[in-house]
Amino acid sequence: GSTEAASIGGLPSASWSHWKSRLKSKSAAEMVALKCTVLRWLSSLGAEPPAFMVYLPSLVASVENYDAVCNMAESNCKRLDLELDMDNDVDLLGRLICLGLTSAPPGQENAAGSLKVETKVSVPAKLRHKVLVLLQRSRGIGPALVAHVVHLIRQSLRESEQVQQSALQLALVLSETVDPENLVETSEKILAEIEAVFWPGGGVIAMGTATPLAFKTFGSFARQLAERPSGE
């Protein structure tokens, strides 16, 4: 089935299955040339199209193994980076979050538009790390995005230590910026995930580089909950 097909640089498995027959005959050099042509075209679009149309494909390409592709993609990202509205562009934020997810959050399988998650076998760790770091800049993760962000943190906590740390940093930001009406539910879900990964059953399995940050994040949510006015 298509969902078992290899995922290429964040490309949904179903899409890769569709294009595989057309691309499998191309050599590595031809694929590099094709990707560079696309990136060059995206760069020529300037600031006219929505940011996600140029930035997100370039972000995906920035984790490629080929320097020619990676360098051009990084150049596109750097050029657009300062123009990104990480607080108010909900469409960009939604698509960025979904880029890092392999599946939709529970109950959000039928979400549409910028919150529709294409099922993937995997997301490259480098790409997921970049997504998490970008989201740390946002103070605009409102109620419509919280479920997807929590799910991204959930999946990322089960990645490498670098990705774990990025996920915990995002959770730390979320603890301070989440809408008060969503604080209790968000805290409950994220703290449960931190416990499950870092001290299942009440004891720390092993101290890793991300463990101190896990304690700090846990404490931040606990403090936010304690500071809520009584009766809320």
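This is a short talk on how some helices pack in this structure, and on one pocket and one cavity in it.

Hi everyone. Before anything else, please keep in mind that we're looking at a predicted model.

Let's begin with helix 6, which covers residues 125–135, and helix 8, which covers residues 161–177. Their axes come within 9 Å and cross at roughly 20°. Angles under 35 degrees count as roughly parallel, so helix 6 is roughly parallel to helix 8. The crossing of these two helices is left-handed. Which residues of helix 6 and helix 8 make the contact? On the helix 6 side you'll find A125, R128, H129, L132, V133 and L135. On the helix 8 side, look for Q162, V163, S166, A167 and L170. Sort the residues of that contact by class and you get seven nonpolar, three polar and one charged.

Okay, stay on helix 6, but turn to helix 7, residues 143–156. Here the axes of helix 6 and helix 7 come within 12 Å and cross at roughly 135°. Helix 6 and helix 7 are therefore oblique to each other. This crossing is left-handed. The contact uses R128, V131, L132 and L135 from helix 6, and L152, Q155 and S156 from helix 7. By class, that's four nonpolar, two polar and one charged. If some of those names rang a bell, good: R128, L132 and L135 of helix 6 take part in the contact with helix 8, and R128, L132 and L135 are in the contact with helix 7 as well.

Next up, helix 8 and helix 9. Are they roughly parallel or roughly antiparallel? They pack at an angle of about 155°, with their axes 11 Å apart. Angles over 145 degrees count as roughly antiparallel, so that's what helix 8 is to helix 9. The crossing of helix 8 and helix 9 is left-handed. From helix 8 we have Q164, L168, A171, L174 and S175, and they meet L183, T186, I190, I194, V197 and F198 of helix 9. How many charged residues does this contact have? There are no charged residues in it, just eight nonpolar and three polar.

Now for the empty spaces. The second largest pocket has a volume of about 190 Å³. Two helices each give two or more residues to its lining, namely helix 7 and helix 9, which spans 183–198. Helix 7 gives the most, with five residues. If you want to click through the lining, start with P143, V146, A147, V150 and R154, then go to E185, T186 and K189, and finish with P105, P106, Q108 and N182. Those lining residues divide into six nonpolar, three polar and three charged. Notice T186: that residue lines this pocket, and it also belongs to the contact between helix 8 and helix 9.

Last stop, the cavities. How many cavities of 30 Å³ or more are there? The count comes to one. The largest cavity has a volume of about 30 Å³. Around it sit A104, Q108, E109, A111, L115, K116 and V117. Four of these lining residues are nonpolar, one is polar and two are charged. Look at Q108 here: it lines the cavity, and Q108 is part of the pocket lining too.

So, three things to look for in the viewer. Find helix 6 roughly parallel to helix 8, find helix 8 roughly antiparallel to helix 9, and find helix 7 along the lining of the second largest pocket. Thanks, everyone!

Notes
Residues numbered from 1 in each chain as written. Predicted model: local features only at pLDDT ≥ 70, side-chain atom pairs only at ≥ 80, totals over all residues. Heavy atoms only, no water. 1 Å grid on protein atoms, 1.4 Å probe; cavity = no way out; pocket = protein on both sides within 12 Å on 5 of 7 lines; lining within 4 Å. Points joined across faces, edges and corners; volume = space filled by probe spheres on them. Helix = DSSP H or I, 4+ residues; strand = E, 2+ residues; numbered from the N terminus. Nonpolar A, V, L, I, M, F, W, Y, C, P; charged D, E, K, R; others polar. Axes fitted to C-alpha atoms, helices over the stretch in contact; angles between N-to-C directions. Parallel < 35°, antiparallel > 145°, perpendicular 65-115°, else oblique. Left-handed = near helix turned anticlockwise from the far one by under 90°. Contact = heavy atoms within 4.5 Å.
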